[in-house]
Amino acid sequence: FCEIVPAYKVNAIDTTAAGDSFIGGVSSKLDFKNINKENLIDAVSFGNKVSSIAVQRKGAQPSIPYLKEVKEVYGDY
C-alpha cells in the first residue's frame with residue numbers, strides 16, 4: 001500500500017536528531033504482532049510528532065522529547 005502521512009510545519013532550529021527521533025517514535029508505536037495499514041500510519045504519525053518537536057530544539061540527545069512532552073504539544077495521540 002501507499003499512503004501519505006502529513007508532516008508538521010515547524011520552525012526548525014537544528015535537524016541533527018530528526019531521523020533518530022522519527023525512527024524512535026515509529027518503532028515505539030509499532031505493534032509487531034498486528035502490523036496493518038492503520039497501525040503503521042499511526043506509528044508514522046507519532047514519529048512525525050516526535051521529530052517535529054526535536055527539530056525545534058538545539059542539540060541531538062537533549063532535543064528528543066519525552067512522551068509527556070509529545071502529549072503536551074499534540075494532546076492524545
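Contact means that heavy atoms lie within 4.5 Å of each other. The exercises below apply this to a predicted model.

**Exercise 1. The surroundings of helix α2**

Task: Determine which residues of α2 are buried and what the cover of these residues includes.

Solution.
Step 1. Begin with the dimensions of the helix. Helix α2 has 18 residues, and the distance from its first C-alpha to its last is 26 Å, close to the 26 Å expected at 1.5 Å a residue.
Step 2. Examine the start of the helix. N36 caps the N-terminal end of α2, with a side-chain oxygen 3.1 Å from the backbone nitrogen of E38.
Step 3. List the buried residues, using the cut-off of under 20% relative accessible area. In α2 they are N39, A43, S45, F46, G47, N48, K49, V50, S51, S52, I53 and A54.
Step 4. Identify the cover. Helices α1 and α3 are among the elements that cover the buried residues of α2.

**Exercise 2. The packing of α1 against α2**

Task: Describe how the axes of α1 and α2 are arranged, and state which residues make the contact.

Solution.
Step 1. Recall the two quantities required. Two packed helices are described by the angle between their axes and the distance between the axes.
Step 2. Apply them here. The axes of α1 (residues 18-29) and α2 (residues 37-54) come within 7 Å and cross at roughly 145°. The crossing of α1 and α2 is right-handed.
Step 3. Name the residues on each side. Helix α1 contributes A18, S21, F22, G25, V26, S28 and K29 to the contact, while α2 contributes A43, V44, F46, G47, N48, V50, S51 and A54.
Step 4. Sort them by class. The contact of α1 with α2 has 8 nonpolar, 6 polar and 1 charged residues.

**Exercise 3. A residue of α1**

Task: Decide whether I23 is buried or exposed, and state how far I23 lies from K33 in space.

Solution.
Step 1. Locate the residue. I23 belongs to helix α1.
Step 2. Compare its accessibility with the cut-off. I23 has a relative accessibility of 52% and therefore counts as exposed, since exposed means over 50%.
Step 3. Compare sequence with space. I23 and K33 are 10 residues apart in sequence, and their C-alpha atoms are 19 Å apart.

**Exercise 4. Two residues in the loop between α2 and α3**

Task: Classify S63 and R57 by accessibility, and find their contacts beyond four places in sequence.

Solution.
Step 1. Place both residues. S63 lies in the loop between α2 and α3, and R57 is found in that loop as well.
Step 2. Classify them. S63 counts as buried because its relative accessibility is 0%. R57, at 25%, counts as partly exposed.
Step 3. Find the contacts of S63. Beyond four places in sequence, S63 is in contact with A17, I53, A54, R57 and K58. The C-alpha atoms of S63 and A17 are separated by 7.2 Å, although these residues are 46 residues apart along the chain.
Step 4. Add the polar partner of S63. A polar atom of the S63 side chain lies 2.7 Å from the backbone oxygen of A60.
Step 5. Find the contacts of R57. Beyond four places in sequence, R57 touches I13, D14, P62, S63, I64, P65 and E69. R57 and D14 are 43 residues apart along the chain, with 6.2 Å between their C-alpha atoms.

**Exercise 5. Q56 and E69**

Task: State the accessibility class of Q56 and of E69, and identify the backbone atom that lies by a polar side-chain atom of each.

Solution.
Step 1. Place the residues. Q56 lies in the loop between α2 and α3, whereas E69 is found in helix α3.
Step 2. Classify them. Q56 is partly exposed because its relative accessible area is 35%. E69 counts as buried because its relative accessibility is 19%.
Step 3. Identify the backbone atoms. For Q56, the backbone oxygen of S52 lies 2.8 Å from a polar side-chain atom. For E69, the backbone nitrogen of Y66 lies 2.6 Å from a polar side-chain atom.
Step 4. List the contacts beyond four places in sequence. Q56 is in contact with V10, N11 and I13, and E69 touches I53 and R57.

Note on methods. Residues are numbered from 1 along each chain as its sequence is written. This is a predicted model: local features need pLDDT of at least 70, side-chain atom pairs count only at pLDDT 80 or more; totals for chains, interfaces and linings use all residues. Side-chain values use heavy atoms; hydrogens and water are left out. Axes are lines fitted to C-alpha atoms, for helices over the stretch in contact, and angles run from 0 to 180 degrees between N-to-C directions. Helices (H or I, at least four residues) and strands (E, at least two) are DSSP runs, numbered from the N terminus. A crossing is left-handed if the near helix is turned anticlockwise from the far one by less than a right angle, and right-handed if clockwise. Ala, Val, Leu, Ile, Met, Phe, Trp, Tyr, Cys and Pro count as nonpolar, Asp, Glu, Lys and Arg as charged, and the others, Gly among them, as polar. Buried means under 20% relative accessible area, exposed over 50%, partly exposed in between (1.4 Å probe, protein chains only). A polar contact is a pair of N or O atoms within 3.5 Å; within protein, one must be able to donate a hydrogen and the other to accept it, and residues adjacent in sequence count only if both atoms are side-chain atoms. The expected span of a helix is 1.5 Å times one less than its number of residues.
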